[in-house]
Amino acid sequence: MHPALERRRHLLDFAVRSLARRPTKNLGLVVVYALVVFLLASVMLFGAAIRREASTMLAQGPEITAQAMVMGRHDLARTADVEALRGLRGVRRVEPRLWGYLWDSAGAANYTLMVPPASDPARRVAKGKAVVGEGVARARKLAVGKMLFLVSPSGRFLRTTVTEILPASTALVSSDLVLLEESDFRAFFELPAGVWTDVALVVANPAEVKTVAEKASLRLPGFRFVTRADMARTAEALFSWREGLALALLAGALLAFVILAFDKASGLSAEEKREIGILKAIGWETSDVIALKLWEGGLVSGFAFLIGVVAAWGHVFLFSAGLFEPVLKGWSTLYPRLALEPSIDALELATLGVLTVVPYIAAILVPVWRTASTDPDAVMR
Amino acid sequence: MTDRPLPRSLAGPRGSTLAAATLAALLVVGAAMVAATGTDRHAAADGAAARDLVAALALSDVALFTEGRYTRNPSLADLHSAFQDGPGSLEHFPSGSLVLAPRDLPGGRLEAREE
């Protein structure tokens, strides 16, 4: 082997043996270090994965959603409003929508009841039937062919037969959905004909969405127009905010670790100082001693970082971030079973590496350099 | 008689060998996990199913936080939803505390100004 490489290998051998002389201290440091990296990496991987999943799925959402407003509160759209939007230039299709929320005491959960659009015959639900999301099926222990009973806030009773359970792969967007036929929906919520929850607009040219929304707001000034870009921004902000909040809370843990690492590395024990003194006395150069301590620090921080990141990957993508579920669920009882698509953001991991490895290495360098530069006789005494 | 050092073969593996073996083991475990969670044709089909559903039903938000209407559909929530119990009511849903209120709501605006 090349002499320079062999020299580095010998330094590495010595560093490993030196670490092995204090196994409890060094193993404990690796475990704590890896735990901090695990928590931070889990938050980053989970946040990035769910943001990506949500934005990919919702990219197919409606270009514009029009909602009637009164006193800053949602109002129902009327048929006349729908007709006014139909006449807009640039709008390819106007889809009035019927959907609403229902608190189901039997499942102790909120459902979103919806009527599939009339323009998609494949999604149409027959009268007396229902298509449910996997979360609803879990909450009410439903299977295809079983009955689903719902009670409205005014006491109206609806009996349906489940004809389909939406695939688990769509759970992120459909977990709480109950799709019904239109007359069942109107009878259940006591809605007359000619009123709708809101209106979805399909715009022919995506570049004209903003213009169409502006023209629509002139035609219907009492309406609110939410574009697909607004929805994407909301989802992005939602998850970025949560991820930022979680990281801010974990910054306390990171700071505590930096203090621990600094305390461990900066105050060399008498034994460590004596070791450095002996090495200098037998002919080691200051640069060799610093290189040795850098190898020691690099081994501890490098392995801890790798262990933390690998464990975080398994936690987020194999175990669906189970540790965060209680925090993310809040009071939701219909939390979807997430199977996030794994991916690595190299920039985020590199940032995490810099935030965790560099402070530790920096904490080692100064005291080692100071001790290694001192007269060996004075150090050993 | 002075003790002679053990031959290298009996002294155990070198530190550098141990470090390299540990690193290799970690990389193998990591690669195995990545392979176990890697994307395949089924995952691509699953993603397409979700996108088709979103397009067909014109869905606007993810169904993660079903506690309240402004946590279930934050992009479509109105100004009243966060204060539905009264103008000065405090946030009472855990998820609602973690939802950043949109600053720009057409038909209404949230503004903070110093007097």
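Analyst: Domain bounds here come from an automatic or database domain assignment. This is a predicted model, with local features needing pLDDT of at least 70 and side-chain atom pairs counted only at pLDDT 80 or more, while totals for chains, interfaces and linings use all residues. Residues are numbered from 1 along each chain as its sequence is written, chains are lettered from A and ligands numbered from 1 in written order, and side-chain values use heavy atoms, leaving out hydrogens and water.

User: What makes domain 1 of chain A a domain, and how far is its centre from that of domain 2 of chain A?

Analyst: The assignment gives domain 1 as 3–57 + 238–380 and domain 2 as 61–236 in chain A. Their C-alpha centres lie 48 Å apart.

User: Why say these two domains of chain A are in contact?

Analyst: Contact means heavy atoms within 4.5 Å, and 13 residues of domain 1 of chain A meet that with 18 residues of domain 2 of chain A.

User: What makes up the buried area between them?

Analyst: Counting accessible area (1.4 Å probe) lost on being put together, summed over both parts, you get about 1,200 Å², with carbon and sulfur atoms giving 60%. On the domain 1 side, A:Met57, A:Leu334 and A:Arg337 lose the most area, together 48% of what that side buries.

User: How many salt bridges are there between domain 1 and domain 2 of chain A?

Analyst: Zero. A salt bridge needs a side-chain nitrogen of Lys or Arg within 4 Å of a carboxyl oxygen of Asp or Glu, so no pair between these domains of chain A qualifies.

Key
Buried area = accessible area lost by both parts, 1.4 Å probe.
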